[in-house]
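Colleague: Please take one loop position in this protein and look at it closely. Then carry on to the other positions you would point out, and to the whole chain.

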Amino acid sequence: MSTSGSPGVAWPISQYVLKVHSRCDLACDHCYVYEHADQTWRGQPMFMDTRTVAAVAGRIADHASAHRLPSVSVVLHGGEPLLLGPTRMREILAALRQRIEPVSRLDLRMQSNGVRLSEAYCDLFVEYDVQVGVSLDGDRAANDRHRRFANGASSHAQAMRGIGMLRQTAYRRQFAGILCTIDVDNDPIAVYEALRAAQPPRLDLLLPHATWANPPYRPDGRGTPYADWLLAVHDRWTADGRPMPIRLFDSLRSTAAGGRSGNEWVGLDPADLVVVETDGTWEKVDSLKTAYDGAPATGLSVFTHTVDDVSVLPDIARRQTGLAGLAAQCRGCPVVRQCGGGLFAHRYRAGTGFDNPSAYCVDLKELIVSLNARAGVEPVPVPAPVDQEGRDLPDGLLDRLGSGRTDPDAVRFLAESQLSITRALLVAVADAAPTSTRAGWDLLARLDQEAPEAVAEMLRHPYVRVWAVDALRQAGSDAATGAHLSCVAAATAVRAGVTVQLDVPVRSGVISLPSIGAVTLPEPVTGSATLTVTPGAWTISHGHGRTLVRFDGDPDTAEPHVSGGRWQPSRRLPFGGSTILFEDLDPYRDCHDWKAAERVAAPAFARWGEAMAAAWQAIEADLPHQATAVRMGLRAVVPLMDDPDGTMRSSTARQAFASVGVARADGPATAMMIVHEFQHSVLGALLDLCDLYTPEHTGRLTVGWRADPRPVEGVLQGTYAHLAITEMWRYRARRAQPGSVAHQRHQQYRTWTADAADALLRCGALTPAGERFVHRIAEALTR
Ligand code: SF4
């Protein structure tokens, strides 16, 4: 049963916080349970009774069983759970272990102020294997700032006594660590030293709860006091050799390397956590109490609602969707994959709810950037897709592409978008490139003023972007990759016919001018050559000004004068009344799933021409409504190495828009491969502009055309490619006899594609734009 009224996806929930006692023996003034906006604790029973515990345990066990969860985590929380007394505590622990353990491994934990820890309790925690975390804010002065009894007395000594007990050999295994809430008025080093002296197996440093409605305390108007405080601790901790794990720093290091954060405070890990109050009501994450009165409420209860019912609630589901669930500002933030917008509760602002960056945004950014700099980590910024609903796309584009009606306008739009991305990448490459390649960038910048169309044409070459991405990945470690910038600039200057002289790199004896050709020297030397462009002519010279090649006129039509090297021109093939680049020269073309072929000899090149001409005829006949878009959209074909078994081979590289890799085949097979890969290229370009699925979705889907379950993007790509292939077989079947191979293929592809579209629509990973796009695919299949 779902009470949300929406056909939401039931996410697996593996973490549960049980409020087993709703009161506390301390009166900490920073406590979000009693001192923040939400005051629902006042109406809660004092403790969770056995009937409620049994109901909770049953719900968790049923959910774990249904979702085949290998383990679940249950944290006993309060108030203060130790107020239960050992007898009630035992009943709860026994009930949880008894009901959940048979279906899923149970990780039992408790968070306490430690004041009432006793041997009786500790023995119980050993018996039921409960990991106990203690809250402590540092030395006595720091701890006394907030963590006091209601009468104002310090709780420090009692908490330290409790920690001391957990450190005894008999109980040491049950000590989970210390949780410290930061106060920037406390000295960071004194706090760190005090916590370190307590020898916790792990330390959590938490930002005090705050929202945009109730902003973080910033003494003296300081800009980033929390980042400064944490960096001071970090530096001392590092100097000490990291004597214990500090979760926040470890999480940020992990996410810097592309790993998981392991918690809900930072990063994009799904937060699959729900809370149960003492009366058995399900609540959203506890920290929401800081947002507004009633914020965590769901209106659901363990007595009437399953975990699946809770997991479909929008605020629970949203916290599982990673990047897709963040505000637009966060999605465009360079550190978003590490920060993740901070803790969900800290994003709250009246009016916009949780659709904001964290109230700690400036501190989080400063902390992450500083830690990355200290670690020498400079992750390539991942440009966040801009849109999840297709709002930034031209009217109807999503529908036209989804329904397999890609038209010239759509292709033009995608091509221009790709050009913008390549331009942005080029700027980043120039920033990171060694100063020795500065001349190439300066020339490109000049040409952009004097011959902008020549620059745009060069940047539309599919493998310029492939190189740019490669150069950014290798920034600082491979000067030769950065130096290719001069090759791009040189080729542009030749096209533009602009007078210039420029050094270009020689790599393994080859001087490459993208889309124009390459000179190969007799020896595989490295170094540089010189390109000189004068009115009506251009030359490449090497070694004391010796001219290797000279053209008097357009490189595509003039005859080269070659001496001391071998000139290999880029070649083009006729395709649909125009020509297409036959790319068997570019040094960055070998980025496809299959190895790119070496330079193709003249007789084989002639056969390629015949196959492409036949392929175009087949595309016109079998995909008439999209043939023009294919012809306009395709800029290059890369010959791939043939499969020794004769299997058809084709591939698209994600960064090489408008280029397809194809192995040799006859015309109709080549047509199928070109169309298949063109679809991938179109969808890749669309995904650069619009989120169609949530990247953090880790589920895999089964499809008809592959034996192994596939990730969502793979299924989306396959479905879109097969939409066009289904259409081609439909046209072929029309011309064939009933029961022919064409009919069988049409049925097979149609079934595969329709089933895959259905699986995508049901998997819960699609954004609103993705759902719309896939619905169009599904509709097109019923045409
Ligand atoms: S640093 Fe700020 S903008 Fe960036 S992800 Fe974090 S909260 Fe969002």
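Modeller: Contact here means heavy atoms within 4.5 Å. Keep in mind that this is a predicted model.

With that cut-off, start at Asp407. Asp407 sits in the loop between helix H14 (397-402) and helix H15 (408-432). Leave aside residues up to four places away in sequence, and Asp407 touches Arg400 and Ala629. Val132 is another matter. Asp407 and Val132 are 275 residues apart along the chain. Their C-alpha atoms are separated by 62 Å.

Now set other pairs beside that one. Met160 is in helix H5 (residues 156-167). Its C-alpha atom and that of Ala198 are separated by 7.9 Å, with the two positions 38 residues apart along the chain. Ala198 also appears among the contacts of Met160, together with Leu136, once residues up to four places away are not counted. Is Met160 buried, exposed or partly exposed? Its relative accessible area is 27%, so Met160 is partly exposed. Buried would require a value under 20%, and exposed a value over 50%.

Gly565 gives the same percentage, because its relative accessibility is also 27% and it counts as partly exposed. Gly565 belongs to the loop between strand S16 (560-562) and strand S17 (566-569). Its contacts, not counting residues up to four places away in sequence, are Thr520 and Leu548. From Gly565 to Ala518 the C-alpha distance is 9.9 Å, and the two are 47 residues apart in sequence.

Asp758 lies in helix H24 (residues 741-763). Asp758 has a relative accessible area of 39%, so it is partly exposed. Its C-alpha atom and that of Asp688 are separated by 24 Å. Along the chain, Asp758 and Asp688 are 70 residues apart.

Next, the backbone. Gly78 and Gly79 are joined by a cis peptide bond, with omega about 15°. Gly79 is in the loop between strand S2 (71-77) and helix H2 (86-100).

Two residues other than glycine have positive phi. For Ser508, phi is near 50°. Ser508 is in the loop between strand S10 (500-506) and strand S11 (510-513). Its relative accessibility is 54%, so Ser508 counts as exposed. For Ala658, phi is about 70°. Ala658 is in the loop between strand S21 (650-651) and strand S22 (659-662). Its relative accessibility is 1%, so Ala658 counts as buried.

Step on to Ser659, in strand S22. Ser659 counts as buried because its relative accessibility is 0%. What is Ser659 in contact with, leaving aside neighbours within four places in sequence? The partners are Pro462, Tyr463, Ala636, Val638, Thr652 and Ser681.

Turn to the ligand. The residues around the ligand are Cys330, Cys333, Val335, Val336, Cys339, Gly341, Pro357, Ser358, Cys361 and Lys365. Two elements give two or more residues to this shell: helix H12 (336-339) and helix H13 (361-375). Sorted by type, the shell holds 7 nonpolar, 2 polar and 1 charged.

Finally, the whole protein. The chain builds 25 helices and 24 strands. Its C-alpha trace spans about 95 × 70 × 45 Å along the principal axes. Of 783 residues, 57% count as buried. Ala658 is one of the buried positions, at 1% relative accessibility.

How are the contacts spread along the sequence? Take contacts with a separation of 6 or more: residues 24 or more positions apart account for 69% of them.

The accessible surface comes to about 31,700 Å². Carbon and sulfur atoms hold 51% of that surface. As for charge, the protein has 79 positive and 88 negative side chains. The centres of these two sets lie 2 Å apart.

Back to the loop we began with. Asp407 has Arg400 and Ala629 as contacts beyond its sequence neighbours, while Val132 is 62 Å away, C-alpha to C-alpha.

Notes:
Residues numbered from 1 in each chain as written. Predicted model: local features only at pLDDT ≥ 70, side-chain atom pairs only at ≥ 80, totals over all residues. Heavy atoms only, no water. Near = heavy atom within 4 Å. Helix = DSSP H or I, 4+ residues; strand = E, 2+ residues; numbered from the N terminus. Nonpolar A, V, L, I, M, F, W, Y, C, P; charged D, E, K, R; others polar. Buried < 20%, exposed > 50% of the residue type's maximum accessible area, 1.4 Å probe, protein only. Areas by Shrake-Rupley, 256 points an atom, 1.4 Å probe, with all protein chains shown as cover. Lys, Arg positive; Asp, Glu negative; His and termini not counted. Charge placed at Lys NZ, Arg CZ, Asp CG, Glu CD.
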